[in-house]
Amino acid sequence: MITNTKCECGHQNRVGTVLCEACGKPLGEHANSTELLEMRYDGAARRSQRANPNFIDKIWNFFSSVKVAIYLIIITLIGASLGTIFEQESNFINFDPSTFYKEKYGTIGAIYYKLGLSHTYESWWFVLLLVMIGASLVICSLDRVLPLYKALSKQKVRKHLQFLTRQKVVYQGPVEGDGASWTERAVKPLKKKGYRVHTDGDALLAEKQRFSRWGPYVIHIGLIIFLLAVLFRGLPGLNIDEHYWFPEGEITKIPDSNLYLKNEKFTVEYYSEEEMSAEFRETGKIVPKLFETKAVLYECTADCDDPSKEPVLQEVERHDIRVNDPLNYKGFKAYQFDFDLTPKLRSVTPALVNVKTGEQYGKFRLDMTNPQQQFTLGPYTLELKNKFMDFSLNEQGQPVSKSKDPNAPAFLFLIKGPDLPAEGSQYIYFPKQVDKERFQQDAINDKLGGVQNTLSLDVLAMEDVDFIASSSYLNIRVDRVMPFIWLGLGIVMLGLIMGFYWHHRRIWLRIDDGILTLGGHTAKNWFGLRREVASFLKTMGIEVDEKQLDNGGNRS
Amino acid sequence: MGKARRPVQIIILFIIVILGGYAVSAAVSGGGSGKPAVGDKPPAIKLLGLDGSVHTLEEYKGKAVVINFWATWCTYCVSEMPALQAQWQKWRDQGVVVLGINTGEDEMTVRNFTEQLGVDFPVLYDSDNEAVQSYGVVPMPTTFFVDPKGKIASIHEGELNLATLNDQIRQLLSP
Amino acid sequence: MNFLEISRQAFVIAFYFYCLSFIFYVVAVTGKTWRNRDPKRHERKWGTISFATSSLGLLSHLVYCGTRWAYSGHIPVSNMYEFMSFLSMMIMVAFTVVFLIYRKILLGVFALPIAIIIMAYAAVFPQEVQPLIPSLRSIWLYIHVTLAATGESFFAVGFAAGLMYLLRSIDFGANDKQARRQKWWVEFTLFSIIIVVGFIVSVFTFRAAGYEAVFVQNATNIDTKLEQDSTIEQEVYNLPPIVAPHDSKAVEVQPFLGMDRPWFEAPVWMKGAHAGRQLNTVLWSVLFGAVIYLLLRLILRRPLGALLAPALRSIDPDDLDEISYRAIAIGFPIFTLGALVFAMIWAQQAWGRFWGWDPKEVWALITWLYYSAYLHLRLSRGFQGRKASWLAVLGFVVVMFTLVGVNLIIAGLHSYAGTD
């Protein structure tokens with residue numbers, strides 16, 4: 001069907017045009033009513049409105065519809081709320097989701113898990129919804145912004161009378177004198193109110209803050225950048241998110257990088273009683289004040305990739321990592337995440353003592369990892385033959401280690417020297433007193449060769465025991481797209497401020513045979529526009545109540 | 001008007017379909033947790049061996065590789081060691097390599113242990129747990145079977161006995 | 001007298017000023033029709049008095065906020081008491097802003113009760129000054145929470161204006177199906193507000209009576225963060241227990257009207273902090289609310305909506321519609337900035353990820369999506385007036401759920417914000 005879209009002023013309009021692009025006369029079905037005008041996009045046809053849509057047009061039209069966009073928003077909203085009913089899988093690190101929900105919540109939990117709602121935000125349908133919202137943002141904006149831009153940039157000053165009388169803010173009344181000179185006088189007060197004024201004989205168009213009309217599109221652009229940034233975050237290499245333990249005093253390699261981090265000191269601080277209010281003191285609660293890891297970041301400069309050599313490290317960054325204050329080195333970030341205050345043995349420095357005479361032959365340092373294997377103390381040589389970090393005996397009665405953590409370390413030496421057999425004698429040493437008793441060091445040594453009657457290894461002073469006091473658990477992050485995330489959000493905010501705190505206002509007026517007809521339009525805040533029009537008319541000598549300017553009906 | 005618009009529409013819809021398809025497929029595949037799965041190429045490693053030299057997977061190109069993650073304190077690792085050693089003896093001439101990756105223990109512990117059990121297949125130190133991370137190893141032992149084409153054919157978590165180990169290796173060699 | 005003392009006094013003074021100014025606003029609106037009065041002059045005079053009173057209240061409220069800040073060394077928004085007091089203060093700020101734009105005295109009749117109720121709600125929570133845990137020690141606490149509360153306050157004003165629109169535009173004389181439904185829902189909304197009042201009344205009644213019941217609960221704490229969850233095994237009720245905490249044993253229950261043990265146990269899925277106690281509180285609130293509502297109905301002998309509607313007759317519904325829309329339009333960018341953008345910046349700094357689908361985050365997003373749907377719907381003709389007003393009313397329910405409900409029934413990283 002071909003509709004005649006030619007206006008009486010001679011302008012040829014596109015299909016879907018509601019108001020003539022030139023003179024503003026209502027077209028088609030809108031022509032003969034007296035209702036308020038539909039002023040969206042200034043009555044211009046949206047790009048997608050065509051006479052004969054084909055397949056691609058139909059898809060395009062689907063996404064260009066605001067109605068569809070609203071449905072998408074609402075479905076996303078409901079979908080998102082479903083994910084908050086029970087906790088999401090992603091909030092836990094070590095657990096088995098297939099049994100967790102059933103055990104904790106029963107049948108409902110099992111159904112919840114089966115429906116995939118335990119990972120709502122990673123599910124295909126939720127991502128698809130976000131993608132569709134993205135598509136809708138792009139297409140809706142494209143479809144409207146260009147026609148609106150065209151319509152606003154080629155406005156005619158003289159509009160059709162119907163265009164004026166069917167605005168929401170309307171005034172009609174007689175004026176004294178010549179129309180053109182009245183219009184001329186009207187320019188100054190309008191300019192004073194910040195309007196840009198165009199006149200055409202006895203017709204006038206005053207307009208201000210047109211840029212606020214671009215607000216919604218700026219918001220949409222920002223959202224698109226944000227969504228794209230989130231999408232590209234998933235690409236390999238742009239995003240690292242790992243958690244590692246950093247024992248105090250150790251330099252720990254960060255996997256998949258040439259960075260090393262040393263936890264020089266980890267501190268937990270609690271509020272002192274003086275820092276609490278009197279009432280809070282009474283509750284007896286202890287509140288932590290500070291979690292801090294004094295960290296030094298090293299970059300490897302040579303021998304990095306060669307496990308047979310010690311890497312050459314160079315300090316690149318030093319930072320006290322606290323909650324809310326991560327270490328940041330060229331986009332590589334380390335966040336305070338957790339800690340463990342269980343002390344771990346790092347080394348002991350026992351002395352070799354003659355049991356009978358009490359003579360000491362000297363001390364030696366015994367590291368828990370990579371210990372030295374030969375020691376010479378006085379007339380004796382000690383050869384480290386084996387070590388067990390978490391000593392235990394297996395079913396066959398053989399010594400084994402239950403883990404690699406030094407919970408119950410034991411060291412097996414071969415000792416040679418005076419009063420001992422020439423081939424040496426075996427001797428087991430438990431640095432921890434509890435282990436000595438638990439595993440009966442003397443009884444074992446008795447079986448091994450009876451060295452305990454001649455010699456003993458003893459830690460003589462507290463400073464001969466070296467502990468890793470604590471470990472800090474840091475979250476290691478690299479997120480290369482963050483600048484784009486912030487850029488997108490910044491643009492969204494800019495658009496919001498443009499669109500919501502400024503209002504595009506237009507006032508048209510024309511004088512026909514001594515009768516002034518004024519129409520006003522704004523996208524938001526009619527109250528303000530009416531007040532402005534009333535105050536403008538007052539300076540022109542026309543007293544009118546703000547409320548009387550309201551043309552009634554629903555506003556658009 | 002209108003004619004130039006069609007290609008623009010098609011291009012935009014096309015881009016949306018590509019990006020959307022990528023987003024949805026990434027969501028379905030779990031975003032690639034980084035853990036290698038059957039059919040993947042095994043992650044590269046570069047580790048110091050018990051023999052004092054550095055080893056990579058490149059050295060074993062064209063061979064079937066059995067990568068076994070173990071530790072001396074892990075009972076099941078210890079009890080499957082003889083089976084691994086036996087299969088290494090049996091298949092080493094037919095292009096099969098057994099590679100033991102020790103997880104984070106020091107030289108003495110590993111050396112004592114291998115000497116005690118008579119293990120002579122290549123053993124590498126993963127002192128910084130880098131291989132454990134990149135292979136996503138959680139329980140120990142975990143064994144990756146890599147076929148001669150360089151693809152992971154199967155992953156086994158837990159103790160292997162002589163028979164299953166034998167079957168797995170046979171399958172690796174018969175494509 | 002130290003700062004804390006001053007702030008306590010100021011809080012109470014502000015509360016009384018608000019109550020007083022509410023009465024004045026009512027006088028200003030209803031007094032117009034009294035005999036021997038010039039309506040215009042009456043309105044101007046009483047309008048000024050009531051606005052001055054509410055402004056004095058706001059001033060006192062600001063003093064409360066400032067002195068508490070000075071005492072504790074951090075902005076008072078770190079627990080439920082402080083946040084709710086702050087929210088009610090921001091609602092008064094939003095009301096003042098909207099009032100200065102539109103000069104509609106009637107708005108005070110609806111905005112003030114909301115502020116008063118929220119302020120009273122705040123007083124229910126423990127009021128001691130708590131030291132800040134490390135994760136809250138950040139400049140973003142100040143910016144994020146205050147801006148989010150400001151945005152939400154404008155939504156609250158939008159809600160008040162929306163409700164007024166409904167009361168104004170619904171024909172309480174009509175009896176067709178459509179009108180009946182509208183009337184029922186308006187009445188339901190008012191009833192819901194009264195339940196909140198019932199909650200406050202019940203808490204203060206039993207608090208005055210010194211009621212206490214003690215339970216021991218097997219606490220299961222899921223510790224995923226640095227926050228050291230103090231495993232509270234003892235649960236103290238200040239309301240007679242209708243419902244006991246899940247998996248708990250009564251230690252000591254003061255009998256109340258012959259009720260000496262709970263009737264049933266809280267379901268397992270309610271897992272926020274103190275879920276059992278909170279459910280119990282909700283039940284008491286509904287009970288008290290229902291009693292208050294029924295008493296009101298008995299005294300007034302007609303629905304509350306029908307009682308309120310005549311007071312609104314003089315106001316133009318279109319203005320109310322616009323005020324509601326405008327308040328939401330002012331609040332939306334502030335909410336976006338405070339509850340989403342700055343929240344993301346803080347989350348990135350504190351937790352290393354700007355977004356983690358934590359329930360509170362999701363609900364902030366839902367609130368945002370909801371209001372963006374509202375703004376888009378207003379583009380089309382059918383959604384102005386009545387439908388938009390219903391959306392504004394429902395929107396505030398979403399806001400309150402995000403603020404209170406999430407802490408009540410869903411456990412998450414933001415759980416430290418709520419302790420009842």
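This briefing looks at how the chains of this structure meet, at one helix, and at some salt bridges. Keep in mind that the model is predicted. Chain C and chain A share a contact that takes 67 residues from chain C and 75 residues from chain A. Over all chains, the salt bridges come to 31, but between chain C and chain A the count is one.

**Where chain C meets chain A**

- Put these two chains together and about 6,300 Å² of area gets buried, with carbon and sulfur atoms giving 63% of that.
- Polar contacts turn up here too: 14 residue pairs make them between chain C and chain A, counting pairs with both residues at pLDDT 80 or more.
- On the chain C side, four helices each supply at least two of the touching residues: α1 (3-30), α3 (80-102), α9 (317-351) and α10 (359-377).
- Helix α9(C) gives the most to that side, with 21 residues.
- Sort the chain C residues that touch chain A by type and you get 41 nonpolar, 13 polar and 13 charged.

**The salt bridge between chain C and chain A**

- Here's a bit of background: side chains of opposite charge can pair when their charged atoms come close.
- The partners in this case are C:D319 and A:R530, and their closest N and O atoms are 3.5 Å apart.
- C:D319 sits in helix α9 of chain C and A:R530 sits in helix α13 (residues 526-539) of chain A, so this pair joins two chains.
- Are these two partners buried or exposed? C:D319 has a relative accessible area of 6%, so it counts as buried, and A:R530 is buried as well, at 3%.

**A salt bridge between chain B and chain A**

- B:E130 pairs up with A:K253, and the closest N and O atoms of the two are 3.5 Å apart.
- This pair also crosses between chains, running from helix α4 (residues 130-135) of chain B, where B:E130 lies, to strand β5 (residues 251-253) of chain A, where A:K253 lies.
- The cut-off for buried is under 20% relative accessible area. A:K253 has 12%, so it counts as buried, whereas B:E130 has 26% and is partly exposed.

**Salt bridges within chain A**

- A:D405 and A:K344 meet through their side chains, at 3.9 Å from N to O.
- Their pairing links distant parts of the chain, 61 residues apart: A:D405 is in the loop between β18 (399-401) and β19 (410-416), while A:K344 is in strand β11 (residues 344-348).
- A:D405 is partly exposed, at 32% relative accessibility, and A:K344 is partly exposed too, at 31%.
- There's also a network in chain A, in which salt bridges that share partners join A:E292, A:K294, A:D320 and A:R322.

**A closer look at helix α5 of chain C**

- How far should the 31 residues of this helix (residues 139-169) span? At 1.5 Å a residue, the expected span is 45 Å, and the end C-alpha atoms are 45 Å apart, which agrees.
- Most of α5(C) is covered, with 26 of its 31 residues buried.
- Look at the start of α5(C) and you'll find a side-chain oxygen of C:S138 reaching to within 3.0 Å of the backbone nitrogen of C:W140.

Key
Residues numbered from 1 in each chain as written. Chains lettered and ligands numbered in written order. Predicted model: local features only at pLDDT ≥ 70, side-chain atom pairs only at ≥ 80, totals over all residues. Heavy atoms only, no water. Contact = heavy atoms within 4.5 Å. Buried area = accessible area lost by both parts, 1.4 Å probe. Salt bridge = Lys/Arg side-chain N within 4 Å of Asp/Glu carboxyl O. Polar contact = N/O pair within 3.5 Å; in protein donor to acceptor, adjacent residues only side chain to side chain. Nonpolar A, V, L, I, M, F, W, Y, C, P; charged D, E, K, R; others polar. Expected span 1.5 Å × (residues − 1). Buried < 20%, exposed > 50% of the residue type's maximum accessible area, 1.4 Å probe, protein only.
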